[in-house]
Structure formats: C-alpha cells, structure tokens
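Trainee: I would like a close look at one part of this model, the way one helix passes another. Please then follow that part out to whatever surrounds it.

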Amino acid sequence: MNITPTILFRLTYQHEAINGIIANKNKERIHYFPAPGKWSIHDNIVHLAKYQPVFIERLNKIVKENTPEFGRYRAEDDFEFETWRTWDTVKLLERIKQDRGKIVDLVTGLDENQVMRIGIHKKFGELSIEMWLEFFLLHEAHHIYTIFQLANDVEIKTA
C-alpha cells in the first residue's frame with residue numbers, strides 16, 4: 001500500500017491556503033494577539049514552519065529505526081522557536097513551501113514496506129507513516145483554521 005492520493009494531494013497543497021487567507025492583511029493584523037498566551041497569525045505560521053523539519057526527522061527515524069517513540073512537539077520546549085518568531089512572515093511561508101517539497105519527495109520515494117513502518121506517538125500509539133501524515137495534516141489544518149479565524153474576525157479592530 002502506498003500513500004493514498006487524498007493524503008498526497010493534501011500534503012502537496014493544503015499549506016497553500018495560508019497565502020490566500022492572509023492576502024491583503026496588514027502587519028498589525030498578522031501580529032495581533034487575540035488574548036494573553038494565545039498566538040497571533042504570525043505565531044501560528046512560525047509553529048507550522050518550525051514543526052516541518054521536526055516532522056521530517058521523525059519520518060526519517062521511522063524509516064531507519066524499529067518503532068521509534070516520539071513525545072508531543074511543543075513550541076514552548078523548542079529553543080529555536082523564539083528565533084523563528086523574529087523571521088518575516090513571507091520568509092516563513094517560503095520555508096514552509098521548501099520543506100513541504102522535502103516531505104512530499106521523501107514520502108513519494110518510499111516503497112510499500114516503508115509506508116507501513118510504525119512510529120509510536122506518546123498519545124496516539126502506533127501509527128504507520130500514512131497515519132503520521134494524516135496526523136500532520138489534521139494538525140496543520142487546525143492551525144490554518146485558527147489563522148482563518150484571526151484573519152477574518154470582524155471584532156478584531158486593527159488599522
């Protein structure tokens with residue numbers, strides 16, 4: 001069994017929704033914090049960009065090792081997250097595009113046996129590479145939805 005066409009399509013294109021959602025939004029809106037401790041649009045994009053290299057490492061580890069275990073990724077525990085927060089939003093979106101190409105190339109280069117390899121998620125248990133991809137995409141979709149909400153909430157008053 002190879003990666004399903006639905007997962008591959010979403011993996012290839014889902015992230016592109018961000019560009020349309022934030023088109024014509026000013027910097028004040030992009031960096032607006034909706035509440036103390038809540039992320040801005042920019043911070044959600046930082047998180048998506050920063051998690052992709054982590055995800056690539058996890059995929060490679062699943063391919064090379066027998067049932068590796070992974071904890072939950074938390075931006076708060078990632079010492080590089082604060083540095084990435086200083087990057088321009090456009091640079092982050094370009095990084096997402098570049099790293100997404102690496103993920104697509106990696107998974108489309110896997111054979112049937114490699115796709116079935118298992119990595120253990122601390123909360124969700126044993127997941128095949130295909131299920132890791134599903135998890136990745138659902139996580140990303142959640143953040144894209146948050147970006148949509150922040151970009152279009154008419155109660156948020158920015159210049």
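What is the handedness of the crossing in which α1 passes α8, left-handed or right-handed?

Mentor: Left-handed: that is how α1 passes α8. Keep in mind that this is a predicted model. The contact draws on Ile7, Arg10 and Leu11 of α1. From α8 come Glu130, Leu133, Glu134, Phe136, Leu137 and Leu138. By class, that contact holds 6 nonpolar and 3 charged residues, with no polar ones.

Now the geometry. Two packed helices are described by the angle between their axes and the distance between the axes. Helix α1 covers residues 5–13, and helix α8 covers residues 129–152. Their axes come within 10 Å and cross at roughly 45°. An angle under 35 degrees would count as roughly parallel, and 65 to 115 as roughly perpendicular. The pair fits neither range, so α1 and α8 are oblique to each other.

Next, the other partner of α1. Helix α6 runs over residues 89–108. It packs with α1 at an angle of about 155°, and the two axes are 9 Å apart. The limit for roughly antiparallel is over 145 degrees, so α1 and α6 are roughly antiparallel to each other. Leu8, Arg10, Leu11 and Thr12 are the α1 side of this contact. They meet Arg100, Ile103, Val104, Val107 and Thr108 of α6. This contact divides into 5 nonpolar, 2 polar and 2 charged residues. Arg10 and Leu11 deserve a second look. Both take part in the contact with α6, and both also take part in the contact with α8.

Turn to α8 and its other neighbour. α4 and α8 pack at an angle of about 175°, with axes 10 Å apart. That makes α4 roughly antiparallel to α8. The contact of α4 with α8 has 17 nonpolar, 6 polar and 2 charged residues.

Then the enclosed space. The count gives 1 cavity of 30 Å³ or more. The largest cavity holds about 40 Å³ of space. Its lining is His47, Leu48, Tyr51, Gln52, Arg100, Phe136, His139 and Glu140. Two of these names are familiar. Phe136 is one of the α8 residues that touch α1, and Arg100 is one of the α6 residues that touch α1. α4, which spans 41–64, and α8 each supply at least two lining residues. α4 gives the most, with 4 residues. By class, the cavity lining has 3 nonpolar, 3 polar and 2 charged residues.

Now the open spaces. The largest pocket contains about 410 Å³. It is lined by 16 residues, and His47, Arg72, Tyr73, His139 and His143 are the closest to its centre. α4 and α8 are the elements that give two or more residues to this lining. The largest share, 4 residues, comes from α8. The lining of the largest pocket divides into 6 nonpolar, 5 polar and 5 charged residues. His47 and His139 line the largest cavity too.

The second largest pocket holds about 230 Å³. Pro34, Gly37, Lys38, Trp39 and Asn44 are among the residues that line it. So are Glu76, His142, His143, Thr146 and Leu150. α8 gives the most here, with 4 residues. By class, this lining has 3 nonpolar, 5 polar and 2 charged residues. His143 ties the pockets together on paper: it lines the second largest one, and it is among the residues closest to the centre of the largest one.

Back to your starting point. α1 crosses α8 in a left-handed way, at roughly 45°. Phe136 of α8 is part of that contact, and Phe136 also lines the largest cavity.

Key. Residues are numbered from 1 along each chain as its sequence is written. This is a predicted model: local features need pLDDT of at least 70, side-chain atom pairs count only at pLDDT 80 or more; totals for chains, interfaces and linings use all residues. Side-chain values use heavy atoms; hydrogens and water are left out. Axes are lines fitted to C-alpha atoms, for helices over the stretch in contact, and angles run from 0 to 180 degrees between N-to-C directions. A crossing is left-handed if the near helix is turned anticlockwise from the far one by less than a right angle, and right-handed if clockwise. Contact means heavy atoms within 4.5 Å. Ala, Val, Leu, Ile, Met, Phe, Trp, Tyr, Cys and Pro count as nonpolar, Asp, Glu, Lys and Arg as charged, and the others, Gly among them, as polar. On a 1 Å grid over the protein atoms alone, a cavity is a set of points where a 1.4 Å probe fits but cannot get out, and a pocket is an open set with protein on both sides within 12 Å along at least five of seven lines; lining residues have an atom within 4 Å of a point. Grid points are joined across faces, edges and corners, and a volume is the space filled by probe spheres set on the points.
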